[in-house]
Amino acid sequence: MSRFLSPLAAKLEPYTPGEQPQDKRYVKLNTNESPFPPAPGVISAISANQVEDLRLYSDPTTKQACEQIAKYYGLQPNQVLLGNGSDEILSFCFQAFCSASGVRFADITYGFYKVWAALYNIPATKIPLDEDFKIRVSDYENCGQTVIIANPNAPTGLALSLAEVEQVVASNANNVVIIDEAYVDFGAQSAVELLRKYDNLVVVQTFSKSRSLAGGRLGFALASAALIDDLNRIKFSFNPYNVNRLSILAAAAAMEDVDYFKKCTGEIQANRAYTTKALQALGFSVTDSKTNFIFAKSGKISGETYYKALKEKGVLVRHFKDARIADYVRITIGSQEQMDFLLQCTKEILEEQLCEA
Ligand SMILES: *Cc1c(COP(=O)(O)O)cnc(C)c1O
């Protein structure tokens, strides 16, 4: 830290991303990326000409992509804002909609929420999940704060029903409710249809997980035209060209190919069921995940031991140190082949550990 850093920045505890080793040595199941390539249309959309056009700025309205997203959801293009990953969109939401009354979110949820609250000096109220890691809807009803809920939640994988989300949105008519649907395409109910009834709802989604574009850095907000207008005030005060030319093309093409999207998300759900069953047969408890990861605890070995032993064998998963979840690891669902390798390593680890004990 230099002596020039502002006191606020000096106090920050930045977000720690999952490991991104730059060699290909690992079966990488630690950051919820897709094992599948982007849709074929994404690859053909990016030609040598498009690369030449990088000399020109990108379209600050990202029109081409917003139109495709709007079409997919039956909304108007002015109800969509595209961002440089949903992380950027969420950070705009924190800046736009969290005032003095602050923001409310779960104690165990996406680790970035508390970082943005600190960065923008927003008071944060953390609400403990119940003993089964569920969000208690009553904790968020009529609460007088901006609400942000990851649905399904990470890293637990558990989802609220649409009726439960509606209870939160309806009871907080004078505050914005942000639903972070990074994982919704893997089997949960989206709140998008509530946009027809409520003017205080922002739904945030990403291309990083279900559309195989984590490295394209693409996310979006869906909301009333007025809320999108508010978010655009932040965007145009920060970085008008927030999405690059190639990523705008990628977003439009990925959104267009509905069949490929359904095939990929379907396969992840099948692999999730398969892996869950196999881990349960090995004595693991596994939460009822509606995402592209599972949250599992062995009961025989600690989360940290399991994480380290897997890494030793070439499989990366995510372990969190928070006391409430230290027994667990979060495992991204990959291809069938990757899951079989994970399961084989897990069997070996259990045998080795139990021999040592
Ligand atoms: C992955 C993730 C995001 C951010 O994704 P981007 O890559 O920035 O689009 C946001 N929220 C949750 C809960 C996530 O898991």
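Which polar backbone atom lies 2.6 Å from an oxygen atom of the ligand? In this predicted model, for which local features need pLDDT of at least 70, side-chain atom pairs count only at pLDDT 80 or more, and totals for chains, interfaces and linings use all residues, the atom belongs to serine 86. Residues are numbered from 1 along each chain as its sequence is written, and side-chain values rest on heavy atoms, with hydrogens and water left out.

Two further polar contacts (pairs of N or O atoms within 3.5 Å) involve side chains: an N or O atom of tyrosine 183 is 2.5 Å from an oxygen atom of the ligand, and a polar atom of aspartate 180 is 2.7 Å from a ligand nitrogen atom. Of the 390 Å² of accessible area (Shrake-Rupley method, 1.4 Å probe) that the ligand has on its own, 92% is covered by the protein.

The ligand is surrounded by 13 residues (a heavy atom within 4 Å), of which Ser86, Tyr183, Thr206, Ser208 and Lys209 come nearest. Helix α5 (residues 86-97) supplies the largest share of this shell, three residues, helices being DSSP runs (H or I) of at least four residues. By class, five residues of the shell are nonpolar, four polar and four charged, with Tyr counted as nonpolar, Ser and Thr as polar, and Asp and Lys as charged.

A separate feature is a nonpolar surface patch of about 220 Å², made by Ile46, Val51 and Leu54; such patches join nonpolar side chains within 5 Å, from residues with over 30% relative accessible area and no salt bridge (a side-chain nitrogen of Lys or Arg within 4 Å of a carboxyl oxygen of Asp or Glu). Leucine 54 lies in the loop between α3 (48-52) and α4 (63-73), and its relative accessible area of 43% makes leucine 54 partly exposed, that is, between the limits for buried (under 20%) and exposed (over 50%).

Definitions and conventions:
A polar contact is a pair of N or O atoms within 3.5 Å; within protein, one must be able to donate a hydrogen and the other to accept it, and residues adjacent in sequence count only if both atoms are side-chain atoms. Helices (H or I, at least four residues) and strands (E, at least two) are DSSP runs, numbered from the N terminus. Patches are made of residues with over 30% relative accessible area and no salt bridge: like charges are joined within 9 Å, nonpolar side chains (Val, Leu, Ile, Met, Phe, Trp, Tyr) within 5 Å. Buried means under 20% relative accessible area, exposed over 50%, partly exposed in between (1.4 Å probe, protein chains only).
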